[in-house]
Every structure is written in C-alpha cells, then in structure tokens.
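The exercises below go with the structure shown here. Each one sets a task and then works through a solution step by step.

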Amino acid sequence: MNLHPLLRRRVESGHPVRVALIGAGKFGSMFLAQVPTIVGLDVAVIADLDPDRAREACRTVGWDDVRIGATRFVADGIEACRADDVEVVIEATGHPEAGIRHALTAIEAGRHILMVNVEADVLAGPLLADKARERGVVYSMAYGDQPALVSEMVDWARAAGFTVAAAGKGTKYLPHFHQVTPDDVWTHYGLTPEQAKAGGMNPQMFNSFLDGTKSAIEMAAIANACDLDVPEEGLRFPPCGVDDLAQVLRPRNVGGQLDHDGMVEVVSSLERDGRPVFRDLRWGVYVVLKAPNDYAAACFRQYGLPTDSTGRYAAMYKPFHLIGLELSISVLSAALRGEPTGSTRGWRGDAVAVAKRDLKAGEMLDGEGGYTVYGRLAPASRSKAGRMLPIGLAHGVRLTRDVAAGSAVTEDDVALDGERLAVRVRREMVDRFGEG
C-alpha cells in the first residue's frame with residue numbers, strides 16, 4: 001500500500017499527520033495504543049464527554065506524561081472537529097445523532113472524517129459521503145472494523161476480474177438471540193453480571209452484538225459501500241465454517257442459499273442446535289468469488305482455494321479483525337492518499353427496528369441492544385416504501401400505537417421530532433437517494 005513510505009516523507013518534511021479523536025472508548029483506546037509506535041502520526045485533540053476518563057484511557061494504553069501533556073483533552077466534539085491543527089477527525093462515539101453532527105461539522109471545516117460510528121453511517125451515510133465529496137474531503141469507513149475490511153476484499157476481487165457472489169462476516173447466532181435483553185445477555189457470553197461490570201462492559205452494547213442488530217447495521221454499511229444486494233427478508237445467518245463458504249454462499253439455483261450473486265450475508269458460528277460449527281468464522285470476514293471462465297476455475301483448484309462442488313465458486317477470508325489496532329490505515333490513507341478505506345456510494349440496505357415483544361402505545365423505545373427492539377437488515381426500497389423506522393432513530397422515542405412482536409416499527413407508529421438533526425438529515429437522505 002506504500003503508506004509507510006508516504007508517512008516517512010511527511011516526517012521528513014516536518015508535517016506529521018495530525019488527528020482529532022472523538023470518543024475514547026474501546027475502539028478509540030485500541031487506536032491510541034498504537035499511536036506511540038507510528039512516527040509521524042500525532043493525536044492533537046481527544047474529545048470525550050469525560051476528559052479525565054480519556055486521560056486515564058491514554059495512561060492505560062501506555063502513553064507517557066509527555067505525550068499526554070502535549071494532547072488537548074476537551075468535552076466537546078464540535079471543538080475537536082474545528083481544531084485548526086487537525087486534518088483527520090475520527091468519530092468513535094457510537095451515537096448516531098452525535099456522529100451525524102460531528103461528520104457535518106468536520107466536512108464543513110474541511111477535515112477528512114473517519115466513521116467508526118457505523119450507526120450514523122447507516123442512518124445517513126449516502127448523504128454525508130456526498131457532502132464530503134462536494135467539499136473535497138474523504139468520508140471513510142474505519143479500517144479494522146468489518147465493513148472496511150469486507151469493502152477492501154470486495155474491491156480486490158472486482159479489480160482482479162472476479163464476480164462477487166457474497167461478502168460479509170461471521171458471528172455467534174441462534175434465532176432466539178433476537179429476543180435477548182440486557183438482563184440476560186451475559187449468560188450467552190459465559191460471564192456473570194459482576195464479572196462484566198468489573199470489566200467495564202456495557203450490557204446494552206454487548207447485547208447489540210448478540211441480538212442481530214450490529215450484524216444488520218454492518219451488512220447495510222457493506223451493501224451501501226459495495227453496491228451489493230441484501231436479502232428481502234433479512235439476514236439468514238446460515239451456520240457455515242470457512243471450508244464451506246463457497247458451497248453455502250452461492251445462488252439457490254446452483255445449490256446454495258442466496259437469492260442470486262452479489263449479496264451480503266452473515267454466517268453463524270453455531271449450528272441451529274447450539275453445537276459449534278467446525279472451523280467457524282466468528283471473528284472474521286469473507287468474500288465468495290465466481291470465476292469468469294473455466295481456466296480461472298481450474299486455477300482455483302490448482303492453488304488450493306476452498307471451492308464449491310462445481311469448482312466455479314471459491315472463498316477468501318480473514319479469520320480475525322483487530323478493530324482499533326488497525327485504524328491508522330484509514331487515517332493515513334485519507335491524509336496521504338486522499339482515499340477512503342471503504343465509503344458509502346448509495347442506499348441499498350437499511351437497518352430497521354423490529355419489536356422484540358408485543359409493544360404497547362405509550363412505551364418508550366430504547367434502541368440498539370435494548371429491551372424493546374432489535375435491528376433487522378432490509379432492502380432500502382422496502383424500508384422506504386414501508387416507512388420503516390431505522391434502528392438509529394429508535395432510541396428515546398415513544399410509541400403512539402401497539403406493535404406486535406416480530407413486526408417492523410414504522411415512522412407512523414412513533415412520535416418523531418421532525419426538528420431533530422438526525423431526523424432531518426435522515427429524511428433528506430431518503431429523499432435524495434430513495435429512488436436509486
């Protein structure tokens with residue numbers, strides 16, 4: 001990729017790459033842990049609702065007093081976005097509305113914006129990416145997280161002349177996980193509530209990984225970045241190990257489980273009876289390739305790729321992802337090459353709110369990973385036609401009528417404040433991209 005030689009040139013010129021980080025949680029802390037070993041990459045500003053906690057995070061990951069003293073710690077992300085000595089902003093809050101506000105501010109200020117905040121990207125990413133292009137700055141996914149890694153694999157496959165049959169990731173999934181709440185989430189991780197609390201683990205956040213919400217969000221982001229389709233009825237989560245990816249993730253008309261070539265899907269590390277899948281991909285990402293001709297298919301076999309029974313489909317995968325430890329790849333790509341590590345191109349997939357149980361008028365929705373709804377992947381066209389409520393707007397809004405368990409919540413079922421920034425930006429995005 002030549003990023004390290006390019007960075008050396010910046011160092012020699014006396015102009016290091018300077019970054020603002022918004023949100024010093026787990027992802028941000030993993031990034032901060034790598035910064036001292038990357039000469040020429042400086043963090044000028046760290047914004048967090050609790051600046052003292054952010055300072056402590058820096059100490060925890062090994063920063064010395066000199067580096068901490070040379071960094072500004074602020075409570076306001078907007079201030080970080082507008083800092084004069086910053087060229088790249090990392091949005092790592094995980095809060096959809098805050099993410100949209102920070103992205104718009106960074107773009108207006110002429111800063112490249114890296115969206116660790118996939119929630120905000122899926123809520124309004126096509127519009128934010130468009131605004132960034134108009135301003136001449138980079139709007140990028142965060143390398144190290146699955147959407148950016150999958151986008152890289154899809155780009156590689158297409159640039160090499162292959163058809164992408166499927167792309168996605170692995171996760172731990174069983175159908176009843178959709179109804180899990182923060183009260184019983186830790187039993188599925190093999191932890192007690194006390195152990196989780198001691199580790200600083202947020203039950204609602206970890207529940208969003210388990211109940212399917214995070215998978216829906218990430219697959220929508222991949223579909224929107226890679227021009228891939230999403231299943232009409234949501235993700236199927238077929239149990240599948242790495243040796244069977246090409247067999248399972250191919251179209252049904254040739255014996256697989258997809259509607260057609262060119263789709264996103266998540267594979268489960270558990271069989272439906274709870275047994276572990278052999279050689280599972282729980283922590284990894286994949287792409288399934290389709291050979292354009294018999295010669296290429298023969299090469300698949302000759303060079304040891306796991307193929308389907310026809311030999312026409314083959315799989316490539318990464319067994320792990322390192323989230324924030326790899327984030328500097330996005331920072332340097334944006335600053336040194338003016339290129340994103342994956343970026344939203346259109347609106348093909350959406351993550352919509354679905355009732356976990358029978359919900360009654362007057363109840364307050366509590367969003368991603370909570371007690372009331374989970375996120376399900378849906379085609380963008382279907383989401384728009386049904387006025388489905390995106391999971392990113394399903395926090396702190398009150399139901400105006402009953403919604404049955406398993407049903408998608410619609411905008412007509414809730415009292416949305418049309419003056420909220422996230423609501424206004426979302427509606428502008430739907431109006432601009434909803435016909436594509």
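## Exercise 1: Ser215 and its surroundings

Task: in this predicted model, find which residues Ser215 is in contact with, leaving aside its neighbours within four places in sequence.

Solution. Step 1: apart from those neighbours, the contacts of Ser215 are Lys169, Thr171, Leu235, Phe237 and Val266.

Step 2: place the residue. Ser215 belongs to helix α11.

Step 3: classify its accessibility. Ser215 counts as buried because its relative accessibility is 1%, and buried means under 20%.

Step 4: check a distance along the chain. Pro251 is 36 residues apart from Ser215, and the C-alpha atoms of the two are separated by 21 Å.

## Exercise 2: Thr171

Task: state where Thr171 is placed, whether it is buried or exposed, and which residues it touches beyond four places in sequence.

Solution. Step 1: Thr171 is part of strand β7, which spans residues 163-171.

Step 2: its relative accessibility is 11%, so Thr171 counts as buried.

Step 3: not counting residues up to four places away, Thr171 touches Phe209, Ser215, Phe237, Val266, Val267, Ser268, Ser269, Leu281 and Arg282. The pair with Ser215 also appears in the contacts of Ser215.

## Exercise 3: Positive phi in the loop between α11 and α12

Task: give the phi values of Asp227 and Phe237, and decide for each residue whether it is buried or partly exposed.

Solution. Step 1: recall the background. Most residues other than glycine have a negative phi.

Step 2: take Asp227. Its phi is near 55 degrees, a positive value in a residue other than glycine. Asp227 sits in the loop between α11 and α12, the latter being residues 245-248. With a relative accessible area of 35%, Asp227 is partly exposed.

Step 3: take Phe237. Although it is not a glycine, Phe237 has a positive phi of about 50 degrees. Phe237 is also found in the loop between α11 and α12. Its relative accessibility is 3%, so Phe237 counts as buried.

Step 4: link back to the earlier exercises. Phe237 is among the contacts of Ser215 and among those of Thr171.

## Exercise 4: The crossing of α8 and α11

Task: describe how the axes of helix α8 and helix α11 cross, and which residues make the contact.

Solution. Step 1: geometry. The axes of α8 (residues 146-159) and α11 (residues 213-226) come within 9 Å, crossing at roughly 35 degrees. The crossing is right-handed.

Step 2: residues. Helix α8 contributes Gln146, Pro147, Val150, Ser151, Val154 and Arg158, while α11 contributes Glu218, Ala221, Ile222, Ala225 and Cys226.

Step 3: composition. Seven residues of this contact are nonpolar, two are polar and two are charged.

Step 4: look at one participant. Ser151, in helix α8, is buried, with a relative accessible area of 9%. Beyond four places in sequence, Ser151 touches Met141, Ala225, Cys226 and Gly342.

## Exercise 5: Two prolines

Task: for Pro51 and Pro306, name the residue paired with each by C-alpha distance, and state the accessibility class of each.

Solution. Step 1: Pro51 is found in helix α3, residues 51-60. It is 24 residues apart from Ala75 in sequence, and the two are 5.9 Å apart in space, C-alpha to C-alpha. Not counting residues up to four places away, Pro51 touches Phe73, Val74 and Ala75. A relative accessible area of 22% makes Pro51 partly exposed.

Step 2: Pro306 lies in the loop between α13 (294-302) and β10 (313-318). Pro306 and Asp243 are 63 residues apart in sequence and 6.0 Å apart in space, C-alpha to C-alpha. Outside four places in sequence, the contacts of Pro306 are Val242, Asp243, Ala246, Tyr313, Ala314 and Ala315. At 25% relative accessibility, Pro306 counts as partly exposed.

## Exercise 6: Nonpolar cores and an annotated range

Task: find how many residues the largest nonpolar core has, and describe the range annotated as SAF.

Solution. Step 1: nonpolar side chains tend to be buried together in soluble globular proteins.

Step 2: the largest nonpolar core has 89 residues, and Ile100, Leu365, Leu389 and Val409 have the most contacts inside it. Beyond four places in sequence, Ile100 touches Ala120, Leu123, Ala124, Leu128, Leu421, Ala422 and Val425. A second, separate core has 32 residues, including Val17, Phe31, Trp63 and Val88.

Step 3: an unreviewed UniProt entry carries the annotation "domain: SAF" for residues 350-415. Over residues 350-415 the chain is 9% helix and 30% strand, with the end C-alpha atoms 20 Å apart.

How values were computed. Residues are numbered from 1 along each chain as its sequence is written. This is a predicted model: local features need pLDDT of at least 70, side-chain atom pairs count only at pLDDT 80 or more; totals for chains, interfaces and linings use all residues. Side-chain values use heavy atoms; hydrogens and water are left out. Axes are lines fitted to C-alpha atoms, for helices over the stretch in contact, and angles run from 0 to 180 degrees between N-to-C directions. Helices (H or I, at least four residues) and strands (E, at least two) are DSSP runs, numbered from the N terminus. A crossing is left-handed if the near helix is turned anticlockwise from the far one by less than a right angle, and right-handed if clockwise. Contact means heavy atoms within 4.5 Å. Ala, Val, Leu, Ile, Met, Phe, Trp, Tyr, Cys and Pro count as nonpolar, Asp, Glu, Lys and Arg as charged, and the others, Gly among them, as polar. UniProt positions are given in the numbering used here, feature names are shortened, and annotations may be inferred rather than shown by experiment. A nonpolar core is a set of buried Ala, Val, Leu, Ile, Met, Phe, Trp, Tyr and Cys residues joined through side-chain atoms within 4.5 Å. Buried means under 20% relative accessible area, exposed over 50%, partly exposed in between (1.4 Å probe, protein chains only).
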